[in-house]
Amino acid sequence: MVKFMMQSLLIAVIFLVGVLLGMQQANEGMRKMKGYNDPSLEQVVHVSKDETIVLGQSIEEKKEKLQQIEAFNMFSKAGQQLATFVHSLVEHMLSFAQKAG
């Protein structure tokens, strides 16, 4: 039983090392495939004390764009109406129960 466990653990470690080496080789291959060294492509996310930049655009700019768009969401509007209806229904039921009791 101990021999089986040791063999299984050894095989698992070998596979783990193989996966890690394969990931490293794939990373180097991707860098070679680009054909040039562009430092701006290396850094996807830049976090500093003042701002966060994702893919060359600051988070604040993205928030402003989303607020300007103000897209109409049908499900959001329907959910708000349903919540308002249920709230008023519960209020009427509670007021009716209070008057009856």
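Phe85 is a good place to start in this predicted model: the residue is exposed, because its relative accessible area is 53% and the cut-off for that label is over 50%. To find Phe85 in the structure above, look along helix α4, which covers residues 74-100.

Phe85 also has nonpolar company at the surface. Together with Leu82, Val86, Leu89, Val90, Met93 and Leu94, Phe85 makes a nonpolar surface patch of about 690 Å².

Now let your eye move to helix α3, which spans residues 59-69 and holds Glu60. Is Glu60 exposed or only partly exposed? Glu60 has a relative accessible area of 39%, so it counts as partly exposed, a class that runs between the 20% and 50% limits. Glu60 belongs to a surface patch as well, though this one is negative: its other members are Asp50, Glu51, Glu61 and Glu64.

With those two patches in mind, step back to the whole chain. How many helices and strands does the protein chain have? There are four helices and three strands. Following the sequence from its start, you meet two helices, then three strands, then two more helices, in the pattern α-α-β-β-β-α-α.

Finally, consider how much of the chain is covered. Of the 101 residues in the protein chain, 1% are buried, a label that calls for under 20% relative accessible area. The chain exposes about 9700 Å², and 67% of that area is supplied by carbon and sulfur atoms.

Conventions: Residues numbered from 1 in each chain as written. Predicted model: local features only at pLDDT ≥ 70, side-chain atom pairs only at ≥ 80, totals over all residues. Heavy atoms only, no water. Patch = residues over 30% accessible without salt bridge, like charges linked within 9 Å, V, L, I, M, F, W, Y side chains within 5 Å. Areas by Shrake-Rupley, 256 points an atom, 1.4 Å probe, with all protein chains shown as cover. Salt bridge = Lys/Arg side-chain N within 4 Å of Asp/Glu carboxyl O. Buried < 20%, exposed > 50% of the residue type's maximum accessible area, 1.4 Å probe, protein only. Lys, Arg positive; Asp, Glu negative; His and termini not counted. Charge placed at Lys NZ, Arg CZ, Asp CG, Glu CD.
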